[in-house]
Each structure stands twice: as structure tokens, then as C-alpha cells.
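Me: I would like to learn how to read a structural model feature by feature. Please take one feature at a time, giving the general idea and then the case at hand.

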Amino acid sequence: MIKASYSSGDVIADRRADYARMLAESGDHAAAAELMDQALDLAPDWAGGWDLAGSFHEKAGNVAGAIAAWRKLEALDDEGVFGARLKLAAYGAGPAGQGTAVGYVEALFDQYAPKFEDSLVGKLGYQVPDLLDTLVSEEMAKLGIERFGKVLDLGCGTGLMGEKLRSRVEHLEGIDISAAMIAETARKGIYDALQKAELVATLNARRADADLVTAADVLIYCGALEPVLAALVPALKPGGLVAFSLEEHEGEEALFLRPSLRYAHSPTAAREALIDAGLEIVRFETAVMRYDRGLPITGMLVVARRPAAEMIAANDVPDGGDVAA
């Protein structure tokens, strides 16, 4: 995932790892895992090697071997860039946690940035920005909004969502955890401002200045919705909109961590989280977001609104003020 992961510092171990990669590319994951285990006998402190070994064991169907490798990886990866905790949690071997695995997501998209659009749009049929833009456009028409004053595009990536919004926004700000993604989108000149930051921290620093907040395929890496919504709602102006996507699952759990290391949410729990956060649900639809290994990934498209006029609690009224009955 990072350059340092490609070499163990031991020439023989690296050579065996190279052969293991070749075997994996040919589809022989069991042989690749066996050879990778031999490489790690020579370089037991190589975090990137344990990540490879876990992946090869997983693809070979040896879940126990994968879990053992990821436990070694977790102990070596202090910054969490390899996502060992998430990988263990996806197989019930550890807790997933409630927030974003910042180190993992940052490293993932720093690595992914140069080939992001080709892979996601060209090969996986990704269409979330188009779908969200359609919903936002329809709500703008209903509300009589010609242009938004300020829009925050969370997880802006290479600007796929920003490109859709640009013509209808006075000030468009992109926020992403990945410096490489920010660099890619900066070349396009789409945004008025770009910021490398974690989204909850960014939202917590703002108060009621956004007319629209978008998050296309971003909250699928964040886990529980409640902390994100608690930070997001105060950042919206009264009457402001939020538009985002989620992957969907039909189980009883509020959220479920998939082997892809993306979270899927229950529609019922997602609705409840929106209402509990004080948002009005404007649109809540299901659609195919993209394809993964040839299979459709179904998700939810959500547009919600911060009420234009919010009730004021009696104890928030200045002395002598009147409270509407």
C-alpha cells in the first residue's frame, strides 16, 4: 500500500515475495500464500509482507491463515495504513470500531489516486455522482433554487461530484483525506478551495455556512452515521441540504463491515439516524451504485434537509422572551 511495503530489506525474502505475486496473478493463491510464508520466515517484521500473505490466504479460502497473518500485521502497523483491524473485523475476529480508519483510508486513496477514475468509472460502472446530481437538481427545481451559495463536497476525490455541481454553485469547496486525491483534482480547476482534512474534524470547525453538503461514496468508509451527522447538521444553514450515498444491507444490524472493508447500512437504521439528527428526509432511494467482480452493488441515495425554522427550547429563550405555544 505504501512504497516501503514492497521491500523487506532481505533480498531472498523479496525474491520469494515477487514469485508469490506472480503465482497470485496466475490464480494460484494457495501456492502464493505458501511462498509468502517462507519469505516471512526470513523477514518476520515486514508489515507489507504480512499484508500480502493475508490477502493470498484469503483468496485461497484459508480464512484461518489470513486471520493469523492479519494479527501479525496489526501488531506491526502502528499507523493502521494496511487496515488490519478492519480486515480482522470483517471476518468476526475483532471489533470494527465506530469511526473512520483514517490511516487506512488515507493510504488507500493516496495509492489509488492516479488510476481512480479509470478504475471506478471505466471498469466498475460507477455512477453515484450522476445519480446524486439528478436528485439534487430535482430538489433545486422544487425549492426554486437557481444556484447554491456555498457547497462542501466531502471526500471530493478527483472531482467527479464537483464537476456535476460546478455550474450551479457560487463557492465550491472540496475536502478529502488523501493528499494525492487533492493533487489530482487541483489540476482540473473545479473547486474554489481544496482542503486535505478528515471530514468530521472539518465539519466540527464550521457553523451554519453551507447551503449543500455532498458525500458521494464517502460514508461507506466512516462506520456509524451518528457521529458524522452530529457534526454535519450544525455546518448546514437552516434549510440547507445534504446529499450522500450508502451501501445497503438487509440484515438486522445497523451497519455491516464487508470483506471489501466498506460499511453497508440498514435502510431502517439509516432513516432513524437521519431523523434523530434533526434532518427532514427529502429523498431516499435505492439504486445500483457500481459493479464489483461483475456483481451489482446496491446502495441508498439520500437527500435530507435541515429544517428552515427550528424549534427553540424554553430554556434557550432570553429572560423576558415569549415562547410560542
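Reply: What follows goes from the whole chain to helix packing, cores, single strand residues, backbone angles and cysteines. Keep in mind that this is a predicted model.

Me: How many helices and strands does the protein chain have?

Reply: The protein chain has 13 helices and nine strands. Along its principal axes, the C-alpha trace spans about 80 × 40 × 35 Å.

Me: What share of the 325 residues is buried?

Reply: Buried residues account for 48% of the 325. The cut-off to remember is a relative accessible area under 20%. Contacts add a second view of the chain: among those between residues at least 6 apart in sequence, 60% join residues at least 24 apart.

Me: Next, helix packing. At what angle do helix α1 and helix α2 pack?

Reply: The general idea is to compare the N-to-C directions of the two axes, where an angle over 145 degrees counts as roughly antiparallel. Here α1 (residues 11-25) and α2 (residues 29-42) pack at about 170°, and their axes are 8 Å apart. The two helices are therefore roughly antiparallel to each other.

Me: Which residues make that contact?

Reply: On the α1 side the contact includes Ile12, Ala13, Tyr19 and Leu23, and on the α2 side it includes Ala32, Leu35, Met36 and Leu42. By class, the residues of the contact of α1 with α2 divide into 13 nonpolar, two polar and one charged.

Me: Which residues have the most contacts inside the largest nonpolar core?

Reply: A core is read as a set of buried nonpolar residues joined through their side chains. The largest one here has 44 residues, and Phe109 and Phe148 have the most contacts inside it. Apart from that core lies another, of 31 residues, among them Ala210, Ala235, Leu236 and Val302.

Me: What does Phe148 touch, leaving out residues up to four places away in sequence?

Reply: With those residues not counted, Phe148 touches Val136, Met140, Arg168, Val169, Glu170, Asp211, Leu212 and Leu241. The list takes in Arg168, Glu170 and Asp211, which count as charged by residue type.

Me: You listed Val302 in the other core. Where does Val302 lie?

Reply: Val302 lies in strand β9. Its relative accessible area is 0%, so Val302 is buried. Beyond its neighbours within four places in sequence, Val302 is in contact with Leu132, Val242, Ala243, Phe244, Leu274, Arg283 and Phe284. For a sense of distance across the model, the C-alpha atoms of Val302 and Ala53 are separated by 38 Å, with their positions 249 residues apart along the chain.

Me: Is Gly299 buried or exposed?

Reply: Gly299 is buried, with a relative accessible area of 0%. Gly299 is found in strand β9, which covers residues 295-305. Leaving aside neighbours within four places in sequence, its contacts are Leu246, Glu247, Glu248, Glu285, Thr286, Ala287 and Met289. The C-alpha atoms of Gly299 and Glu79 are separated by 30 Å, and the two residues are 220 apart along the chain.

Me: In which strand is His265?

Reply: His265 is in strand β7 (residues 263-265). A relative accessibility of 3% means that His265 counts as buried. Beyond its neighbours within four places in sequence, His265 is in contact with ten residues' worth of surroundings that include Leu219, Glu247, Glu248, His249 and Met300.

Me: Now the backbone. What is the phi of Asp217?

Reply: The sign of phi is worth reading together with the residue type. Asp217 has a positive phi of about 55° although it is not a glycine. Asp217 is found in the loop between β4 (210-215) and α12 (225-235), and at 12% relative accessibility Asp217 counts as buried.

Me: Where is Leu261, and what is its phi?

Reply: Leu261 is in the loop between β6 (255-257) and β7. Its phi is near 70°, a positive value in a residue other than glycine. Leu261 counts as buried, at 6% relative accessibility.

Me: Last, the cysteines. How many disulfides does the structure hold?

Reply: A disulfide is a covalent bond between the sulfur atoms of two cysteines. The structure holds zero disulfides. Cys156 is in no disulfide, and the nearest cysteine sulfur, that of Cys222, is 14 Å away.

Me: Why is there no bond from the sulfur of Cys222 to the closest cysteine sulfur?

Reply: The closest cysteine sulfur to that of Cys222 is in Cys156, and 14 Å is too far for a bond; the cut-off is 2.5 Å. Cys156 is buried, with a relative accessible area of 5%, and Cys222 counts as buried at 5% relative accessibility.

Note on methods. Residues numbered from 1 in each chain as written. Heavy atoms only, no water. Buried < 20%, exposed > 50% of the residue type's maximum accessible area, 1.4 Å probe, protein only. Helix = DSSP H or I, 4+ residues; strand = E, 2+ residues; numbered from the N terminus. Contact = heavy atoms within 4.5 Å. Axes fitted to C-alpha atoms, helices over the stretch in contact; angles between N-to-C directions. Parallel < 35°, antiparallel > 145°, perpendicular 65-115°, else oblique. Core = buried A, V, L, I, M, F, W, Y, C linked by side-chain atoms within 4.5 Å.
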